[in-house]
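Here are some comments on the model you sent round. They are set out as numbered points and can be read in any order.

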There are 4 protein chains.
Amino acid sequence: MTKRKICVVVGSRANYSSIKSAMRAIQDHPALELQLIVAASAVLDRYGSVVNLIEKDGFRPHARVTMLIEGETPATMAKSTGLGLIELPTLFEQLGPDVVLTVGDRFETMATTLAAAYMNIPVAHTMGGEVSGTIDESIRHAVTKFAHIHFPASQGAAERIIKLGELPRHVHMVGCPRIDLVAEILGRSSGGLDAGLFDLGVGQQFSVDEPFALVSQHPVTTEYGTGEAQITLTLEAVREQGLAAIVLWPNADAGSDDISRGIRKWRERKLDDRMHFFKNLPIETYVNLMRSAACLVGNSSSGIREGAYIGTPVVNIGTRQHMRDRGDNVIDVGYDKKQISDAIARQVEHGRYAMDPIYGDGTAGTKIADILVTERVDVQKCITY
Amino acid sequence: MTKRKICVVVGSRANYSSIKSAMRAIQDHPALELQLIVAASAVLDRYGSVVNLIEKDGFRPHARVTMLIEGETPATMAKSTGLGLIELPTLFEQLGPDVVLTVGDRFETMATTLAAAYMNIPVAHTMGGEVSGTIDESIRHAVTKFAHIHFPASQGAAERIIKLGELPRHVHMVGCPRIDLVAEILGRSSGGLDAGLFDLGVGQQFSVDEPFALVSQHPVTTEYGTGEAQITLTLEAVREQGLAAIVLWPNADAGSDDISRGIRKWRERKLDDRMHFFKNLPIETYVNLMRSAACLVGNSSSGIREGAYIGTPVVNIGTRQHMRDRGDNVIDVGYDKKQISDAIARQVEHGRYAMDPIYGDGTAGTKIADILVTERVDVQKCITY
Amino acid sequence: MTKRKICVVVGSRANYSSIKSAMRAIQDHPALELQLIVAASAVLDRYGSVVNLIEKDGFRPHARVTMLIEGETPATMAKSTGLGLIELPTLFEQLGPDVVLTVGDRFETMATTLAAAYMNIPVAHTMGGEVSGTIDESIRHAVTKFAHIHFPASQGAAERIIKLGELPRHVHMVGCPRIDLVAEILGRSSGGLDAGLFDLGVGQQFSVDEPFALVSQHPVTTEYGTGEAQITLTLEAVREQGLAAIVLWPNADAGSDDISRGIRKWRERKLDDRMHFFKNLPIETYVNLMRSAACLVGNSSSGIREGAYIGTPVVNIGTRQHMRDRGDNVIDVGYDKKQISDAIARQVEHGRYAMDPIYGDGTAGTKIADILVTERVDVQKCITY
Amino acid sequence: MTKRKICVVVGSRANYSSIKSAMRAIQDHPALELQLIVAASAVLDRYGSVVNLIEKDGFRPHARVTMLIEGETPATMAKSTGLGLIELPTLFEQLGPDVVLTVGDRFETMATTLAAAYMNIPVAHTMGGEVSGTIDESIRHAVTKFAHIHFPASQGAAERIIKLGELPRHVHMVGCPRIDLVAEILGRSSGGLDAGLFDLGVGQQFSVDEPFALVSQHPVTTEYGTGEAQITLTLEAVREQGLAAIVLWPNADAGSDDISRGIRKWRERKLDDRMHFFKNLPIETYVNLMRSAACLVGNSSSGIREGAYIGTPVVNIGTRQHMRDRGDNVIDVGYDKKQISDAIARQVEHGRYAMDPIYGDGTAGTKIADILVTERVDVQKCITY
């Protein structure tokens, strides 16, 4: 029997943890063949060479595509999408996939989707139908309009995809594959933080037995130019609450430089006496930090998604996660030091929340693989109304 | 007072006639400044150097962007989109437009929209919300999900845009700017066909006083590879009905080569004794042909759109115009010689239909300009459900 | 033993016949592995899908790269080079060749060479050191300055490469691999023209027993815009001499459209009553035409190169082959109808010349393969003076 | 009178100081018009936004082109060249320059040269004919083979250009425009270092009255992967000699990441107690550092070029400046700690050298402008032998 060829394009560290459990399930399935292209920040040293991690995990990339144009401005993000669109068709032609499986709402996702859809290759899409801020909001729904098979991560998302005019029979609520990894990590580890935590990253050490914040704040592309002020407010609020903190550098997106500059200036002002900074954390470490932290502060979707499952108290700042379905563990605040500070205080006092399976129960990857074995689509899409 | 800068990217002959009346209204408006980029097939000799026509009409292009990659396969269409995405950001940065106005559902439209949206420039979109076949169907709705201001051409389209989760206050049913040109041409000309008609193009001459068919059939990208058979069926049906014909070569899209090969073989088989072939027709001539033809046969949207206004009897073949809102002047048939032939016979017998303003009344251009003067949008989009 | 991996990038029909005998020798050599990328006009339908021919000849392309940007202007030629530079590195990384072998002086050659040289992959180059007109003249010498191993086709070319500061020990005069094919064809065929000759192409038929001209005239990129006048003069001179003619369409380069327009207009003026036109000829047919023709007229390098070996009388027009080493079979003339016409008359009277092995004796391919087995280079180049 | 339009493409900080005096002379000349495109690292924040400096100096960029693909590997350098080749033709078409003036031997230079040469725009080139290591060696001579007007910076370089087959009448030995800036700075400043020197950059402060080293070491693209070891040896030697040091981060090239990693690890090992690190220095500061430093250590061309004029003692390491014409102020050593350390000791003991005008006397810019007014070239190049 010929195996169905499923091609996955992984473009970043976050991308990878969002699809890894599905990749594994596809690779292990007797009726499926996994084809893998690694691209964008996932092939770059500066972002921790995720491609090496991918290979260590037992996957074999067919090609590595550098496609990030330096600058990380809105304009270079568009141009990087263009580069992807130029290179991916040649690679898809080499591979001849039956389905291209794409993840989320980043610019690599857009390039992957457009290339496949133009080439009449059915597109399967995870994490569609969610609502958020930044250009991701538009990318996500546009990708839905190109995709043929939908794997939303929550019930609300599934309903939204159908409202967008997609055929209900191709919309499969499977949960988020990231939660699969989280469940696995929570299952196997005691939850204690690694002794060697502070060996990586830069900055100060502190005792993780005392309460500490986990800060993860990314640029909002549609508010380009304001990132430096935004991260500074956040760091001030954390400091005001007397918390030590693990601070993550922002991911590669238009405006990353602004956030990074804010962090660098903070460090130059020597305000980081109880802070430690990481560029890239293994997801295992990150999940354990989410379990241990008194509070996650920032605008990462992980607070809302993984946070719901882990029960992490979250202070979600600003517009980036606007309207994304969320559980009780999240307090939303604006770009305002007092609001942020007060919310941190409340969350530290509250402590850990109960588990909420809003974004899945840890079985998304195998569900995706199973559906991909049998699902047949008409490559010609047609709106339902 | 500073004028609002409205940037239009024109990528093909069809594009140009779909936006020309709006361009003129913008250029003439005291509160607006027109910025123009001419790209893709509109700058190519092989497609009749539309850019020269644009300049003759009094517009001044800021830049000319060659971005069509040869091959006209699905893969090169994706790559051409990529080229546009690489070049347009540099030009948008030079121009600093307040709004980018984009047209329809072609790959240039996708590139223009993505570049502007990533760069946080509000996007206005004409002809959204319609339904059709080919990849255009997906492009059109994806562009809607990026666009901030919508100028649908029909009531049904406007309703569909709102169902797609767009804000009703930014959806303006203005009609189709192409109808503006049609109305103008019908108004000023007697309708008789130009004596010099057969000086252009290649093939045989015939008397236009006898009934003749106008054949305009384009590739369906999602049925890539079947174009040669499709056009051959059409030409056979026309011949079976004993009609002379004006036959248009297909436009630049994945699969054009297939259609062209079909036409070339038809000619080599000497079956074209009463047929004349055109690469590019001035819109004035085309409208007059639509008025004079006994029947338009093929899958051009013009049969459905302009045809409604002009009253042209249309035999619409196959999936390309699937579900597009249409008037009584259209008979839909499959890729089947007998069906096509019978429908031609019925339409020739019926003769011209009454005017139906389903796609506008000839005032779309000025309406668009007026709205662009005052419309203010939030660059951060958000789905309404 | 590990085989040395030799990667060849074939970008056009002419490219292919210039390297085919070397490809075969590499593929057949026990110590070498052939890696093949097919690109540019060689993957296009419009240029006769050379890639299909390549596969029929028993070669397996690793990838097919569409990289021709439509327009065939000087600007699009530059942009096409850019596209090649974007895609080839990803493919070279997949293949990991020990040597990249590149051919001649076209823009694909430039892209291939730059990509490999930047990536520290040793570059071997055939047909360097020759002299000609057009941008090819600059490309050829620039490629020499990047190349590590040189396979010039004539003694004069070898000397020129050394004067350019290259290391003599890496300059190997092997002759031109095209001559290998010519020798093979001359060896096996009787030289009579195929009965089915006129089944292909378009235009009139004539008796090939009477004297006829073979016209092959290509654009001169540095004289962009003058091609229509140039080809018209040539056709007029042929007609003045009362010769029937086989006329080839120009190859894909900046200015091709001008030449093509000249030919189309000639045909529309019905001056082609004894002319037949071909887009693409199998090299076997072409060589036999060169053997049978009373005279080759135009500016193709084949007149000078293969013509010397075959003994074809050649009228070489204008600057395109300026200063290229040539034998007695060539009369050079300017863009002047009388000069061209007189020279045709002299050549028709003279008849076939004796064989002159200036461009090789038919063993270039095996020599190239043998040298590639053992040649070791320093990837860091250094001028010798 | 129509001014001759001279278009300069500036791609990096080093590029800018290498052409600034010529830009000023062109801008000030009544018969010339300066057209400016700023590209590559010169538009990036991460490299100090040279474009802002350019504007502060009174120049007006026509366009800003982001074209650096992240990764800084040999492959991305090739792809970045490709991006430049895709965008520059559109901009050259907007500007219609009479001459494109390009600088040195970087990948932006290659893209600029290729784009202009393909488009039949005469190319003028500064700093050709020199000899060095890395891929620059090949780029430089390849650019010479495309260029029509040559402005070498030394007598030896001029002779080499002529040996490469260029027409002597288009080879003008004008000296290096960088020396113009150096002469100006030396003329106006006392030579004392700015009090605020240590306000910028990161690291430790030290007294600049004591002897200190200036370390400037860049990747050698043809030795890709060895940069970390190379810089480490250098820093160890400096430390062994007991010198404080100003250390510059490497410029953007394949392998920068390796050097940067070496520096970062050095700092993490806390070996930097008397070192201060700069990303970008204003040229004024840099020249004054070269005047004050006890020794310049590394492989920057500035040691050889500006160093000759200033009299800076230089320890030049490795292959990057291989064979470049040099004065008495340079001691060449291999990648060997002892050799480097000993040479530093000798140079510190020797102290400043006498001025040597081998790379010009400070008048290159005006000479270039004057020649560009009258020089006329044949766009068709032809080798002289």
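The points below cover the chain symmetry, a helix crossing between chains, one helix and one residue.

1. Status of the model. This is a predicted model, and the remarks that follow should be read as remarks on a prediction.

2. Relation of chains B and D. A turn of 180° with a shift of 0.0 Å along the axis lays chain D on chain B, and the RMSD is 0.1 Å. The two copies are therefore related as by a two-fold rotation axis. Within chain D, D:E87 has the C-alpha nearest the axis, at 3.0 Å from it.

3. Surface used by B and D. Of the interface residues of chain D, 100% are also interface residues in chain B, so the copies meet through the same surface.

4. Crossing of the α3 helices in A and C. Helix α3 of chain A and helix α3 of chain C each cover residues 74-95. Their axes come within 10 Å and cross at roughly 55°. Angles of 65 to 115 degrees would count as roughly perpendicular and those under 35 as roughly parallel, so α3(A) is oblique to α3(C). The crossing of α3(A) and α3(C) is right-handed.

5. Residues at that crossing. From α3(A), the residues A:L83, A:I86, A:E87 and A:T90 take part. They meet C:L83, C:I86, C:E87 and C:T90 of α3(C).

6. Length of α8 in chain B. Helix α8 of chain B has 14 residues, 227-240, and at 1.5 Å a residue these should span 20 Å. The end C-alpha atoms are 20 Å apart, which agrees with that expectation. After α8(B) comes B:G242, with a positive phi near 70°.

7. Burial of α8 in chain B. Which residues of α8(B) are buried? They are B:G227, B:Q230, B:I231, B:L233, B:T234, B:L235, B:A237 and B:V238. The cover over these buried residues includes the strands β8 (212-216), β9 (244-248), β11 (295-298) and β12 (314-317) of chain B. It also includes the helices α9 (256-268) and α12 (337-350) of chain B.

8. Surroundings of D:I263. D:I263 lies in helix α9 of chain D, residues 256-268. Is D:I263 buried or exposed? There are 24 other C-beta atoms within 10 Å, and the cut-off for burial is 20 or more, so D:I263 is buried. Apart from neighbours within four places in sequence, D:I263 is in contact with D:I231, D:V247, D:W249 and D:F277. As for D:S341, 78 residues apart from D:I263 along the chain, the C-alpha atoms of the two are separated by 18 Å.

Conventions:
Residues numbered from 1 in each chain as written. Chains lettered and ligands numbered in written order. Predicted model: local features only at pLDDT ≥ 70, side-chain atom pairs only at ≥ 80, totals over all residues. Least-squares fit on C-alpha atoms with pLDDT ≥ 70 in both. Contact = placed C-beta atoms within 7 Å. Helix = DSSP H or I, 4+ residues; strand = E, 2+ residues; numbered from the N terminus. Expected span 1.5 Å × (residues − 1). Buried ≥ 20, exposed ≤ 12 C-beta atoms within 10 Å, placed from the backbone. Axes fitted to C-alpha atoms, helices over the stretch in contact; angles between N-to-C directions. Parallel < 35°, antiparallel > 145°, perpendicular 65-115°, else oblique. Left-handed = near helix turned anticlockwise from the far one by under 90°.
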